[in-house]
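Please take a moment to look over the sequence and the model before reading on. The paragraphs below move from paired strands to some less usual points of the backbone.

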Amino acid sequence: MKTLVLALLIPVAICAACSKKDEPVATSAPVTATPDASATGNPPVAANPPATAPAATPAPATSPPIGHVSLISAAGSAVKGELTVNNEGDAVYIRGEITGLTPGKEHGFHVHEFGKCDLPDFKSAGAHFNPTKAPHNEHLGDLPNATADENGRATINALAKGPNLVDKDGAPSAILGKALIVHALPDDYKTQPSGGSGERIACGVISK
Ligand SMILES: [Cu+2]
């Protein structure tokens with residue numbers, strides 16, 4: 001009788017074990033960035049800068065970064081970020097993440113002329129990078145506002161007015177050594193000379 005019970009139990013035990021295998025684990029599906037239809041691989045030429053906000057161009061990186069930026073916080077700010085700078089053809093892309101922003105708000109975001117991020121207020125970074133002496137919104141350092149999500153995080157994928165940030169000899173060094181600045185308020189793309197974007201809340205030098 002014992003043998004019979006055992007003989008019945010063994011297959012039951014095996015079946016119980018096998019039914020547990022490979023339970024599908026709920027994982028979030030990888031987010032696949034769908035390239036914008038306008039992303040043709042040929043970066044837009046900024047010969048005639050638009051009168052509106054510079055467009056964020058979600059193009060994937062096709063080459064290793066030429067520069068990196070670690071944003072540090074101004075006094076009283078918790079804004080930080082890590083970004084890369086890529087030179088692709090004539091274009092310069094700035095990509096990465098900024099955290100600690102005001103949730104749901106836009107923040108002015110520019111390349112400034114001096115790579116000096118001195119606390120407490122980053123005035124040391126000077127004005128917008130503007131070697132052509134253009135009005136604001138056509139500064140070479142003008143970038144789209146950084147838009148924070150509900151957690152105060154912004155994903156940056158910006159096309160700088162790239163052809164002009166690349167040295168005439170083709171070296172991409174024109175943007176190196178400058179500073180990236182995040183402001184407390186949105187850039188209105190109108191107010192001269194800085195877009196009315198208020199205090200500088202984070203700063204980082206674009207370094208190799
Ligand atoms: Cu600025």
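Which residue in E9 does Ser-73 stand opposite? In this predicted model, the residue standing opposite Ser-73 is Ala-202 in E9. Behind this pair is the pairing of strand E1, which runs antiparallel to E9 and is joined to E9 by two bridges.

Strand E1, made of residues 67–73, also pairs with E2, and here five bridges join the two antiparallel strands. One place to follow this pairing is His-68, whose bridge partner in E2 is Thr-84. The two strands E1 and E2 form a hairpin with six residues between them, and in the turn Gly-76 has a positive phi of about 85 degrees.

Moving on from E2 (80–88), the chain passes through a loop that contains Gly-89 before it enters strand E3 (91–99). Gly-89 is partly exposed, because 14 other C-beta atoms lie within 10 Å, a count that falls between the limit of 12 or fewer for exposed residues and that of 20 or more for buried ones. Although Gly-89 and Ser-63 are 26 residues apart in sequence, their C-alpha atoms are 9.9 Å apart in space.

The next stop is the backbone itself, where a general expectation helps: most residues other than glycine have a negative phi, and most peptide bonds are trans. With that in mind, consider the loop between strand E5 (109–112) and strand E6 (146–147), in which Pro-120 lies. The peptide bond that leads from Leu-119 to Pro-120 is cis, with omega near 10 degrees. Phe-122 lies in the loop between E5 and E6 as well, and its phi is positive, near 60 degrees, although Phe-122 is a residue other than glycine. Is Phe-122 buried or exposed? Phe-122 is buried, because 27 other C-beta atoms lie within 10 Å, where 20 or more are needed.

The loop between strand E8 (179–183) and strand E9 (200–205) can be read in a similar way, and Pro-193 is found there. A cis peptide bond joins Gln-192 and Pro-193, with omega about 0 degrees. Tyr-189 is also found in the loop between E8 and E9, and this residue, which is not a glycine, has a positive phi near 60 degrees. Tyr-189 counts as buried because 20 other C-beta atoms lie within 10 Å, and the cut-off for a buried residue is 20 or more. Strand E9, at the end of this loop, brings the reader back to Ala-202, the residue that Ser-73 stands opposite.

Definitions and conventions: Residues numbered from 1 in each chain as written. Predicted model: local features only at pLDDT ≥ 70, side-chain atom pairs only at ≥ 80, totals over all residues. Helix = DSSP H or I, 4+ residues; strand = E, 2+ residues; numbered from the N terminus. Pairing = 2+ DSSP bridges.
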